[in-house]
Amino acid sequence: MSTEVLRVDPVSPDFTVIEKAASFIRQGKIVAIPTDTVYGLAVDSGNSQAVKRLYELKKRPLNKPFTIAVSNEESLERLTQDAGPLVYKLMERFWPGPLTLVLKSAGPIGNTGGKPSRTTYGEPSRTTIGLRLPNNRVALRIIEESGCDLALPSANYSGQEPARDAQEVLSALNGKIDLIIDAGKVELGIESTIVDLTVSPFKILREGAIRKTDLEKLAKLKKVLFVCTGNSCRSVMAEGLLKKALKDKNRVDVEVMSAGISAFGGQPATGETLNLLSKAGADMSVHRSQRISKIMLYSSDLILVMENIHEEHILGIVPAIRNRLYLLKEFAKIPELDLNILDPIGQSPAFYEMTFSAIKDAVDKVVSLL
């Protein structure tokens, strides 16, 4: 019996085709779908019979687990544990995209009666998982519509070249899988890079579309995040001053950014802020405000806030980053009873200058501690 092939527009995929593929996956069938790298064989990772069939089809050793494909970044928090800043830095930079992250699993993967699943990395008793968020609209729509985390190895027999278009899948696997979603030739044609982040330093298990040097460069970066309320004055002052100080010292190993706990996205810094920074030799005219997010917080090595209310708000969102979160004056070890730096919005020019001076004193000390 021949495998059914359904053509779909890669930019505007027909929902009926997406739903059929998702329905097949929910039924435990094997569906070949495009990704940004190569075509993959998708099954519900929670369906042990489907996973078993996939192992048999690919002639793959049971101690070589399948990558799990997800449709959003939030899945990382749901499926993994003990993910440090580097994990989220890599995710921010390369997801969606051709990077598979091997991490500690939050629990058993798949429908295995509480036992560690064969879809985990390494031996069945291990508790690691490989995750990828493909940069392909058709793949993401199918994952979302299926409601499953998909086991998604390349569409080929183990040891053979992966398929880069639907015809190559059909030539190799006609009659052995249930459906092929044909969205044309894939964008990259090379498999994802696999990085094991359960060890330190991290280990590259397979160098694919993302180069080892790019990963190593990102891993060396420290990320400092300044937080205030609206991300239009205090955190912008701190960001601009630290960037200038680092530039003056030829430091390229620190990334600096800012955000607000209740910022309206896309707003420029206040005129008073820009003027004070300009006098100090720092240009933040291109700054646009942004609200803090979980991923932003998780990916930061150091989070410096202006007031206790910012600290409390952040810990309410992500309590796990407590040991990376400080008041700016506290981290800079400024011996004052009140470590809060108050909001100058609506205040006099003199108040703005006082706020700017306090932030500058603190940032000058922070530079020496980084």
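**Exercise 1. Two lysines with positive phi**

At 63% relative accessibility, K59 counts as exposed. The model is a predicted one. Locate K59 in the chain and describe its backbone.

Solution.
- Step 1. Place the residue: K59 sits in the loop between α2 (48-58) and β4 (68-69).
- Step 2. Read the backbone angle: phi of K59 is near 55 degrees, a positive value in a residue other than glycine.
- Step 3. Check the exposure: the cut-off for exposed is over 50% relative accessible area, so K59, with 63%, is classed as exposed.

Now treat K333 in the same manner. Where does K333 lie, and is K333 buried or exposed?

Solution.
- Step 1. K333 belongs to the loop between α12 (328-331) and α13 (349-369).
- Step 2. Its phi is near 60 degrees, again positive in a residue other than glycine.
- Step 3. The relative accessibility of K333 is 64%, so K333 counts as exposed.

**Exercise 2. The cysteine pair C228 and C233**

Decide how many disulfides the protein has, and explain why C233 is not bonded to C228.

Solution.
- Step 1. Recall the chemistry: a disulfide is a covalent bond between the sulfur atoms of two cysteines.
- Step 2. State the cut-off: the two sulfur atoms must be within 2.5 Å.
- Step 3. Apply the cut-off: the count is 0 disulfides. C228 is in none, and the nearest cysteine sulfur to its own, that of C233, is 5.3 Å away.
- Step 4. Look from the other side: the closest cysteine sulfur to that of C233 is in C228, and 5.3 Å is too far for a bond, which is why C233 is not joined to C228.
- Step 5. Add the surroundings: C228 is buried at 1% relative accessibility, and C233 is buried at 2%.

**Exercise 3. Order and edges of the open sheet**

Give the strand order of the open sheet of 10 strands, then describe the pairing at each edge.

Solution.
- Step 1. Write the order: β1-β8-β2-β3-β7-β4-β6-β5-β9-β10, with mixed pairing.
- Step 2. Identify the edges: β1 (4-7) and β10 (203-206) each pair on one side only.
- Step 3. Take the β1 edge: β1 runs parallel to β8 (residues 179-182), and 4 bridges join them. The bridge partner of R7 is D182 in β8.
- Step 4. Take the β10 edge: β10 pairs with β9 (residues 193-196) in the antiparallel sense over 3 bridges. Here D196 stands opposite K203 in β10.
- Step 5. Examine the connection: β9 and β10 form a hairpin, with 6 residues between them.

**Exercise 4. Cis peptide bonds before proline**

Which residue precedes P201 in a cis peptide bond, and which precedes P96 in another?

Solution.
- Step 1. For P201, the bond comes from S200 and is cis, with omega near 0 degrees. P201 is placed in the loop between β9 and β10.
- Step 2. For P96, the bond comes from W95 and is cis, with omega near -10 degrees. P96 is found in the loop between α4 (85-94) and β5 (99-104).

**Exercise 5. Strand β11 and its partner**

How many of the 7 residues of β11 are buried, and in which sense does β11 pair with β12?

Solution.
- Step 1. Count the cover: 6 of the 7 residues of β11 (residues 222-228) are buried, and the strand is mostly covered.
- Step 2. Find the pairing: β11 and β12 (residues 254-260) are parallel, with 7 bridges between them.
- Step 3. Name one facing pair: V227 stands opposite A259 in β12.

**Exercise 6. S75 and the whole chain**

Is S75 buried or exposed, and how far is its C-alpha atom from that of L133?

Solution.
- Step 1. S75 is in helix α3 (residues 75-79).
- Step 2. The relative accessible area of S75 is 3%, so S75 is buried.
- Step 3. S75 and L133 are 58 residues apart along the chain, and their C-alpha atoms are separated by 9.4 Å.
- Step 4. Turn to the whole protein: among contacts between residues at least 6 apart in sequence, 70% join residues at least 24 apart.
- Step 5. Complete the overview: the protein has 13 helices and 14 strands, and buried residues make up 53% of its 370 residues. Its accessible surface is about 16,900 Å², 50% of which belongs to carbon and sulfur atoms.
- Step 6. Locate the charges: the mean positions of the 47 positive and 44 negative charges are 5 Å apart.

Key
Residues numbered from 1 in each chain as written. Predicted model: local features only at pLDDT ≥ 70, side-chain atom pairs only at ≥ 80, totals over all residues. Heavy atoms only, no water. Buried < 20%, exposed > 50% of the residue type's maximum accessible area, 1.4 Å probe, protein only. Contact = heavy atoms within 4.5 Å. Areas by Shrake-Rupley, 256 points an atom, 1.4 Å probe, with all protein chains shown as cover. Lys, Arg positive; Asp, Glu negative; His and termini not counted. Charge placed at Lys NZ, Arg CZ, Asp CG, Glu CD. Pairing = 2+ DSSP bridges.
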